[in-house]
Every structure is written in structure tokens, then in C-alpha cells.
Amino acid sequence: MKWEFRNDAPIYSQLIALMKLGIASGEFKPGERVPPVRDFALQAGVNPNTMQRALTELEREGLVFSQRTAGRFVTEDAQMIDETKRKLAEAQVRSFLGAMSRLGYGKDEIVGMLGQCGPADSGENEKEAAENADL
Amino acid sequence: MPIFECRNLTKSYGAAPALSNVSLTVEPGRVVGLLGPNGSGKTTMIKLANGLLTPNSGEVLINGMKPGIETKKIVSYLPERTYLSEWMSAAQLMDFFGDFYPDFRRDRAEEMLARLGISQQQRVKQMSKGTREKVQLIMVMSRAAKLYLLDEPIGGVDPATRDYILSTIIQNYEPDSSIIISTHLIADVEKVLDEVIFLNRGEVVLRSSVDAIREEKGKSVDELFREVFRC
């Protein structure tokens, strides 16, 4: 996972967005153990308290769960993961539609263009859309 | 009890005030950035906390105590200039720190020296300026202290080493101890800080958590700093 942070948003919310993306894309597998807070903070290059805050929030939402002594794990609830994925996808679509409408395209034109469009690019803006997804 | 506290702290050099009536507290378990332009009082505050200067009025308390022998046991201090004896080797420095401080963890220091490829036999005299700074920081961070006071820990090293040093700081501090880092390289340290204190002309002009600044102002601490201290 690439830990890059923008300047205009809190770090903990960007951590949450990155981890949701990781879970939705399967980079973090269902039931996989989440590294201990301090190790995870080191990987991401952030303050351990900030990482703790992000994990607590993910736990509150049910995407990760704690087992008293064994640590934290990614949820195994396939429905919840699908739901997260769908919300992230919707946010991507909204962000795309917003950008297209600022360029002056209507929905029908956009659908037409999608048909003729070339290959997908690497997806630089996923995280930003994930943050705006309001999950 | 706060690990670090200033109460109406005032210090002047002759007629020039360096700190004016500063009051603040730092709780255990926090990483705090002490940020301000040159001459804003950062080093003065850290020196007062170490008992290297005495205040004109007010007081500094470390874990409730005035600076002295007892506080030096729990404070690990990185001064802005290195004070390592030129003739010592890295191994001798570890002996030296081990003699002075019961909380010095030699195994940690050895591991970090090895990781940075610094030989234990190398003498300070033979080290570059950057290497000296790294060695000094390794010694300071190898103590299991309650409070780390780091005065410009990353000023003299390259960006790759900066990252290593910051991760070293995060990795080695105890969860219930606190770190105060004075620096003007804000963009580099911002991600590892819980909160920041902006000092200007000897006064605290802002005290906030990093994420609160980003949330409320929609900008990084670095950007806010440039705005507040625009010349």
C-alpha cells in the first residue's frame, strides 16, 4: 500500500480512506491480521496515536474487529466488504460525473463516450474519491 | 500529571525578551512540535527545561519537579549542537551513556548503529557532520526516558536520513513518554506529530492538534505556518 497524504485533509481520515480502499480492493484480505498499531504507524510514517484513531474508527464501523489478545483483524463479513466497495465505486462515479459536467457534457454524451473510450488508467484519484464517499 | 509544564515562564537576555509569560502543559504519550521562526524562543524553552538557563520569573516543571538531578534521570536531551568528545569511538560513547544513564539501552543503540552502517570502532573525529548528528540522536533515543527534548534533530541530515530518523523516533519512544521536537522543517515532521505549539517572539501564538488544523483550516501545518509567519 502506498501511504501518501494530501495537505488539505486530516491524516487520520486519509488513513481510514486508504484502508477502506485496501479492504475493498482485496489488498487486505478478509480475516487478515492488521499489524500492531505501532508497526502499522511506522509503515505509514505517521504518529501512532493517529493510527490508533483511524483503527478505532474502522472498528466502530465494523470493517475491522479486535480480539482481546490476538490483535485486530479485517472483517470477514463479505456483505459489508461489498457494501464498502459499492460506496467507493459510487463515489468514483459521482466524482467523474461532476468533472464531466463541469466540462459541459450531459449524461447521454458521457455514456456514448464510455463506449468508445480506450483502456483504463492507473487510478490516481481513488483515495480522494474514497474520502468524499461519506461511508 | 503533565510531563512538561511552563508556568508564566519569562526569560530575557539583557533587555531582549526571549520568552514572555509562557504557560503550557504537555501530557504523557504525546509527540509535540515546537515550531517557530528563528529567534522565537524554542531553544531557550528547551534549555530552561534542562536547567541550562534559569528563568527570570515563572517556572518549568518536569513531571512536577524543577529541573535538577531527578529530572535529568527522566529527560533525554538532544541539544542543537553535538557535544560528543572527538576522541571517542561509537563503542566508547555507548559505554559513556551507559555509565551516566541507568535507562540507556545499549542493544538498541547497537542495532541502530548497525542499521545506519556506522562502525562501533569509528571515532567521532572521523565522522562527517551528518553522521555525528545521527550518532548523537541514536544515543539520545536509546534511553528509555519519560521526556525527550529534541532541539532541531533533523536539521543537518539529508531527506532519506530524515525519514529514517523520524521513524527511529517513533519506534523508540515509550507509549507513555512524550517527545518535544523543535524544528522549522515542518513538512518533514508533521505526519509524526500529535500537536503543535507555534512560538513567535517569545509567545505562544497557537496550540492545536495537527488533525484539527487540517480539519478546520483545510491546510497542512506547514502551509499554516507559512501564512502565520509570512515575512
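**Exercise 1. Helix α3 of chain A**

Which residues of α3(A) are buried? Determine also whether the length of α3(A) agrees with the expected span, and describe what follows the helix.

*Solution.* The model under study is predicted.

Step 1. A residue is counted as buried if 20 or more other C-beta atoms lie within 10 Å of its own. In α3(A), the buried residues are A:P48, A:N49, A:T50, A:M51, A:R53, A:A54, A:L55 and A:L58.

Step 2. The helix α3(A) has 14 residues, which at 1.5 Å a residue should span 20 Å. The C-alpha atoms at its ends lie 20 Å apart, so expectation and model agree.

Step 3. After α3(A) comes A:G62, with a positive phi near 90°.

**Exercise 2. The packing of α2 and α3 in chain A**

Classify the relative orientation of α2(A) and α3(A), and list the residues that make the contact.

*Solution.* Two quantities describe a pair of packed helices, namely the angle between the axes and the distance between them.

Step 1. For α2 (residues 37–44) and α3 (residues 48–61) of chain A, the angle is about 110° and the axes are 9 Å apart.

Step 2. Angles of 65 to 115 degrees count as roughly perpendicular. The helices α2(A) and α3(A) are therefore roughly perpendicular to each other.

Step 3. On the side of α2(A), the contact is made by A:V37, A:R38, A:F40, A:A41 and A:A44. On the side of α3(A), A:P48, A:M51, A:Q52 and A:L55 take part.

Step 4. Sorted by class, this contact of α2(A) with α3(A) has seven nonpolar residues, one polar and one charged. Two of the contributors from α3(A), A:M51 and A:L55, are also buried.

**Exercise 3. The sheet of chain A**

Give the strand order of the sheet in chain A, identify the strands at its edges, and place α3(A) relative to the sheet.

*Solution.* Step 1. Chain A has six helices and three strands, and along the sequence they follow the pattern α-β-α-α-β-β-α-α-α.

Step 2. The three strands form an open sheet in the order β1-β3-β2, with antiparallel pairing.

Step 3. The edges are β1 (33–34) and β2 (64–67) of chain A; each has a single partner strand, so one side of each lacks a neighbour in the sheet.

Step 4. Four bridges join β2(A) to β3 (residues 71–74) of chain A in the antiparallel sense. Across this pairing, A:S66 stands opposite A:R72 in β3(A).

Step 5. The helix α3(A) packs on the sheet and touches β1, β2 and β3 of chain A. The direction of α3(A) makes about 100° with that of β2(A).

Step 6. For chain A as a whole, buried residues make up 30% of its 135 residues. Of the contacts in chain A with a separation of 6 or more, 65% are between residues 24 or more positions apart.

**Exercise 4. Positive phi in chain B**

Where do B:N8 and B:R201 lie, and is each of them exposed or partly exposed?

*Solution.* Step 1. Most residues other than glycine have a negative phi. B:N8 has a positive phi near 45°, and B:R201 likewise has a positive phi near 45°.

Step 2. B:N8 lies in strand β1 (residues 4–13) of chain B. It has 12 C-beta neighbours inside 10 Å and therefore counts as exposed.

Step 3. B:R201 is placed in the loop between β8 and β9 of chain B. With 14 C-beta neighbours inside 10 Å, B:R201 counts as partly exposed.

Step 4. The strands β8 (residues 195–200) and β9 (residues 203–209) of chain B pair in the antiparallel sense over six bridges. In this pairing B:E195 stands opposite B:S209. The hairpin has two residues between its strands.

**Exercise 5. Helix α6 of chain B and the contact between chains**

Describe how α5(B) and α6(B) are arranged, and state which elements of chain B meet chain A.

*Solution.* Step 1. The axes of α5 (residues 129–141) of chain B and α6(B) come within 11 Å and cross at roughly 10°, which means that α5(B) is roughly parallel to α6(B).

Step 2. B:G130, B:K134, B:L137 and B:M141 in α5(B) meet B:T161, B:I165, B:T168, B:I169 and B:N172 in α6(B). By class, the contact of α5(B) with α6(B) has four nonpolar, four polar and one charged residues.

Step 3. The contact between the chains takes 16 residues from chain B and 15 residues from chain A. On the side of chain B, the elements that give two or more residues are α6 (159–172) and α8 (210–217). The largest share of that side, four residues, comes from α8(B).

Step 4. The residues on the side of chain B that touches chain A comprise five nonpolar, four polar and seven charged.

How values were computed. Residues numbered from 1 in each chain as written. Chains lettered and ligands numbered in written order. Predicted model: local features only at pLDDT ≥ 70, side-chain atom pairs only at ≥ 80, totals over all residues. Axes fitted to C-alpha atoms, helices over the stretch in contact; angles between N-to-C directions. Parallel < 35°, antiparallel > 145°, perpendicular 65-115°, else oblique. Contact = placed C-beta atoms within 7 Å. Nonpolar A, V, L, I, M, F, W, Y, C, P; charged D, E, K, R; others polar. Expected span 1.5 Å × (residues − 1). Pairing = 2+ DSSP bridges.
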